[in-house]
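The following exercises are meant to be worked with the sequence and the coordinates side by side. Each task is followed by a solution that proceeds step by step.

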Amino acid sequence: MTDGPPLAEAVDDIADDIATMEIRGAATIARAAADAVAAQARETDADSPEAFRSSMRSAGRRLYDTRPTAVSLPNALRYTLGRMEGDDVETLRDSVLAAATAFTDRLDRAQRDLGRVGANRLRDGDTVMTHCHSTDALACVEHAVEQGKDISAIVKETRPRNQGHITATQLREMGVDVTLVVDSAARRYLDDADHVLVGADSIAADGGVVNKIGTSGLAVNARERGVPIMVAAQTIKLHPDTLTGHTVEIEMRDETEVIDDDDRAEIGEITVENPAFDVTPPRYVDAIVTESGQFPPESIVTLMRELFGESADRPWEEPTSGAAER
Ligand SMILES: O=P(O)(O)OC[C@H]1O[C@H](OP(=O)(O)O)[C@H](O)[C@@H]1O
């Protein structure tokens, strides 16, 4: 719970579901955040413009504090809260609802357009190796299949939460042949792969790709084997804070995702670490596929500047004292 203006039930529910990963995947999180913002705008009983703005910021902070790594979440808040305008409650409410709808429409369009670009990199008969579960990455395969290409997949299970099982299920629904392997078998099976295809939770200004833990090791092995590494990431994955030198916070998740309490007790005193993400340096990435085309990682900064300028707003934060409220 957050101190401050009351939150719509949907905001608390969605925030809890993001934190516990009932809702997961960067694009899905962004959509859920926009839905939560819309619910707050609809349901708040704020009766003055100031109270309305404060209530929306409060919802934004509750959502922002759930998971730290996927920038799609703050970018969803930037888009929806950043377009809040008006001098009365009804106009403010309408502006937020319109922004939330526009944002989710853009998400759908971006993933479709990105899928079309990514599919062009896949040839008939190709095999992709996947890591974790990414809707952006799967959009590329789906589009290639729709083009009539025969695509196979080697799917890494992706410990500790086994999101590879979701990938395998969805690829089968597309009619793709799937071979599921444990993470440690990846190098052995890279010889059978034509591409490594992964998503991203955040992309830094230097082209570094923040994605599920294990991506960087996979990329290094793929480079050594000569297998190209393709990252599918719509532009809401671009992390504007990195333009000004900030680093991306890597989420550390609960130890019980790695080992249950009984097994742990049996082993004796140990330290357990569970980072959810790692950073793949740009030199191991061949292409970042976005809805605006594909980019070598080193030039992604140009796109980032175009979209965000030089700095990133934080419209969920309280204005500093003395600053005029927009
Ligand atoms: O936006 P889409 O492409 O669906 O997902 C992007 C990324 O989000 C996931 O994180 P988590 O499972 O939420 O920790 C994975 O790391 C995946 O590559």
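**Exercise 1.** Is Cys132 buried or exposed?

Solution. This is a predicted model, in which local features need pLDDT of at least 70, side-chain atom pairs count only at pLDDT 80 or more, and totals for chains, interfaces and linings use all residues. Residues are numbered from 1 along each chain as its sequence is written, and side-chain values use heavy atoms, with hydrogens and water left out.

Step 1: locate Cys132 in the loop between strand S1 (127–130) and helix H6 (135–146), where helices (H or I, at least four residues) and strands (E, at least two) are DSSP runs numbered from the N terminus.

Step 2: take the relative accessible area of Cys132, which is 5%, so that Cys132 is buried; buried means under 20% relative accessible area, exposed over 50%, and partly exposed in between, with a 1.4 Å probe and protein chains only.

**Exercise 2.** Examine the backbone at Cys132, at Met21 and at the bond between Arg159 and Pro160.

Solution. Step 1: recall that most residues other than glycine have a negative phi, and that most peptide bonds are trans.

Step 2: Cys132, which is not a glycine, has a positive phi near 65°, and Met21, likewise not a glycine, has a positive phi of about 70°. Met21 is found in the loop between helix H1 (9–19) and H2, and with a relative accessible area of 6% Met21 is buried.

Step 3: the peptide bond joining Arg159 and Pro160 is cis, with omega about 0°, and Pro160 belongs to the loop between strand S2 (152–156) and helix H7 (164–173).

**Exercise 3.** Does the span of helix H5 agree or disagree with the value expected from its number of residues, and how enclosed is helix H2?

Solution. Step 1: the expected span of a helix is 1.5 Å times one less than its number of residues, which gives 46 Å for the 32 residues of H5 (residues 89–120).

Step 2: the end C-alpha atoms of H5 are 47 Å apart, which agrees.

Step 3: at the start of H5, a side-chain oxygen of Asp88 comes within 3.2 Å of the backbone nitrogen of Glu90.

Step 4: H2 (residues 26–43) reaches 26 Å from its first C-alpha to its last, close to the expected 26 Å; because 13 of its 18 residues are buried, H2 is largely enclosed by the rest of the structure.

**Exercise 4.** Place Thr215 in its surroundings.

Solution. Step 1: Thr215 lies in helix H9 (residues 215–225) and is buried, with a relative accessible area of 4%.

Step 2: leaving aside neighbours within four places in sequence, Thr215 is in contact (heavy atoms within 4.5 Å) with His131, Val198, Asp278 and Thr280.

**Exercise 5.** How does the radius of gyration of the protein chain relate to the globule rule?

Solution. Step 1: the protein chain has 11 helices and 10 strands. Its radius of gyration is 21 Å, close to the 20 Å that the globule rule gives for 326 residues, so the chain is as compact as a globular protein of that length; the radius is taken over C-alpha atoms, and the rule is 2.2 Å times the number of residues to the power 0.38.

Step 2: buried residues make up 53% of the 326 residues.

Step 3: weigh this against confidence, since the mean pLDDT (the predictor's confidence in each residue, from 0 to 100) is 96, and 97% of residues reach 70 or more.

Technical notes:
A polar contact is a pair of N or O atoms within 3.5 Å; within protein, one must be able to donate a hydrogen and the other to accept it, and residues adjacent in sequence count only if both atoms are side-chain atoms.
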